[in-house]
Amino acid sequence: MRNMMDESIRSMHDIPPSETTVVVAMSGGVDSSVAAALLTERGYQCIGVMMRLWAEAAIGEGSGNKCCDEESVEDARRVADKLGMPFYLINVERPFKEKVVDLFIEGYSDGLTPNPCLACNRHIRFDYLLNYARRLGADYLATGHYARLRWQEDGNVRLLRGVDIQKDQSYVLSMLGQAELRDLLFPVGEFAKEEVRRIAAARGLPIHSKHDSMDLCFVVDDDYRRFLADWAAGAMTPGEIVDVRGNVLGRHSGLPNYTVGQRRGLGLSGATAPMYVVALEPDSNQLIVGPAEALGRSELLAKNVNWTMGAPVSAGCRIQCQIRYSGQPIDCTVYPQQGGSVRVVFAEPARGISPGQGAVFYDGPHCLGGGLIDKMDPGEVSASSECAPADRVSLN
């Protein structure tokens, strides 16, 4: 374990741990707690910081957010006390509401399927919190994400998938650039989840058996459709359900109630074959449905693409694209466009492409970057050469 930790968190300038300050983003869960424990054992000067995020309670009345409820705050404080770390709880409700929740509501209102974790990491954890850590004079911000970092001889930092592929979180870190990666630590990325729990138990951390939270943290009852009915009521306008040929098959209850790939709850009991949501058309307020084979798409256009190493791969580069957090990487060829967009051509039709979700690019374990899915099947792609050898990634 010690050798892996040396590789995972070593300083580019070989500053002794005792002279290095690390802000640890605490959640009261096992992952961030073990990250803090590993760093303090190495002698780093750690400061625990937890963010109070917005939920459906009024701002200033105490958050009902599952990531920072009173139990989680107390768990994080107990871990910090056990490790001898200062602990601070900071209020981030308003920027979280504006940058994450409001974008979630607006996305669904526009017929998209947004991923709020991508927005949270982009605007809150690795912007607001990272800058807060810098203002404290910290050298690094550490989190409990399952991802790995590798420092290169030229001073750049590569972002890799976590060792535990089932828990890998590089997908939601794809918006990070070199300015952020150089100031981050992911201590648990070298371990499998069960090993992290064993580390917590061996050190007597009180949260070693705590369950992971998998739901939308700001939706108090885990029912995002109910949440949208309350907060995006204006978008809940009934409309037509039509098949891919334009035939009207029924009525929907409001586009935010549906996602691409959905089969159940369509109210099409008279259909002769299983029907799936193929697309949402907010301009016409139509829900497009079709058979399973209609879900396959050969291309997509991703916008606002970030490249973790700072520069895009060359046109025609053959890599992999992951279109959902829990999805599998799919072989593809990419063609960067002007304005920060990327056209993606899949080696085989990909199912379940949803505008608003992340399109994240990989070369093996290396996370190259990612953007937001803007369009499906955006048109023909002109032929181009494969990427030059310098664009390929060699990782040991």
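Biologist: Which residue forms a salt bridge with Glu56, and how far apart are the closest N and O atoms?

Modeller: This is a predicted model, so every value here is computed from it. The partner is Arg226, and the closest N and O atoms are 2.9 Å apart. The cut-off for a salt bridge is 4 Å, and 2.9 Å is within it, so the pair counts.

Biologist: What parts of the chain does this pair link?

Modeller: Distant ones. Glu56 is in the loop between β2 (45-52) and α3 (70-83). Arg226 is in helix α8 (residues 224-231). The two residues are 170 residues apart.

Biologist: Why is Glu56 called partly exposed?

Modeller: Glu56 has a relative accessible area of 22%. Buried means under 20%, and exposed means over 50%. The value of 22% falls in between, so Glu56 is partly exposed. Arg226 also has 22%, so partly exposed is the label there too.

Biologist: Which other salt bridge does Arg226 form?

Modeller: Arg226 also pairs with Asp230, with the closest N and O atoms 2.7 Å apart. That is within 4 Å, so the pair counts as a salt bridge. Both residues lie in helix α8, and they are 4 residues apart, so about one helical turn separates them.

Biologist: Which residues are linked in a network of salt bridges?

Modeller: Glu56, Asp221, Arg226 and Asp230 are linked in that way. The structure holds 11 salt bridges. Another of them joins Asp168 and Arg161, at 2.7 Å from N to O.

Biologist: Are Asp168 and Arg161 buried or exposed?

Modeller: Both are buried. Arg161 also lies over the face of Tyr362, at 3.6 Å from the ring centre.

Biologist: What makes that a charge over a ring?

Modeller: The distance limit is 6 Å from the ring centre, and 3.6 Å is within that limit, so the distance test is passed. The same limit covers Lys97, whose charged end sits over the ring of Trp54 at 5.5 Å from its centre.

Biologist: Why is the pair of Phe227 and Trp231 called stacked?

Modeller: Two values settle the matter. The centres are 5.9 Å apart, and the limit for a pair is 6.5 Å, so the rings pair. The angle between the planes is 25°, and stacked means under 30 degrees, so this pair is stacked. By this rule the count comes to 10 aromatic pairs.

Biologist: How far apart are Phe227 and Trp231 in helix α8?

Modeller: They are 4 residues apart, so about one helical turn separates them. Their burial labels are not alike. Phe227 has 0% relative accessibility, which is under 20%, so Phe227 is buried. Trp231 has 36%, which falls between 20% and 50%, so Trp231 is partly exposed.

Biologist: Which residues form one aromatic cluster with Phe227 and Trp231?

Modeller: The other members are Trp54, Phe96, Phe104, Tyr108, Phe218 and Tyr224.

Biologist: What makes strand β13 largely enclosed?

Modeller: Strand β13 covers residues 317-322, and 5 of its 6 residues are buried, so the rest of the structure largely encloses the strand.

Biologist: How do you know which strands pair with β13?

Modeller: Count the bridges. Pairing needs at least two bridges. β13 and β14 (residues 330-336) have 5, so they pair, in the antiparallel sense. β13 and β16 (residues 358-363) have 3, so they pair as well, again antiparallel. In β14, Thr333 is the bridge partner of Arg318. In β16, Val360 is the bridge partner of Gln322.

Biologist: What makes β3 and β7 edge strands?

Modeller: Each pairs on one side only. They belong to an open sheet of 5 strands in the order β3-β2-β1-β4-β7, with parallel pairing. β2 and β3 share 5 bridges, and the pairing rule asks for at least two, so they pair. Tyr88 in β3 is the bridge partner of Val49.

Biologist: Why does Asn285 count as buried?

Modeller: Asn285 has 18% relative accessibility, which is under 20%, so Asn285 counts as buried. Its place is in the loop between β10 (276-281) and β11 (286-290). Leaving aside neighbours within four places in sequence, Asn285 is in contact with residues including Thr237, Glu240 and His252.

Biologist: Why is Leu301 called buried?

Modeller: Leu301 has a relative accessible area of 13%, which is under 20%, so Leu301 is buried. Leu301 lies in strand β12 (residues 296-307). Its C-alpha atom is 6.9 Å from that of Ser341, 40 residues apart along the chain.

How values were computed: Residues numbered from 1 in each chain as written. Predicted model: local features only at pLDDT ≥ 70, side-chain atom pairs only at ≥ 80, totals over all residues. Heavy atoms only, no water. Salt bridge = Lys/Arg side-chain N within 4 Å of Asp/Glu carboxyl O. Buried < 20%, exposed > 50% of the residue type's maximum accessible area, 1.4 Å probe, protein only. Phe/Tyr/Trp six-rings, centres within 6.5 Å; stacked < 30°, edge-to-face > 60°. Lys NZ or Arg CZ within 6 Å of the ring centre and 35° of its normal. Contact = heavy atoms within 4.5 Å.
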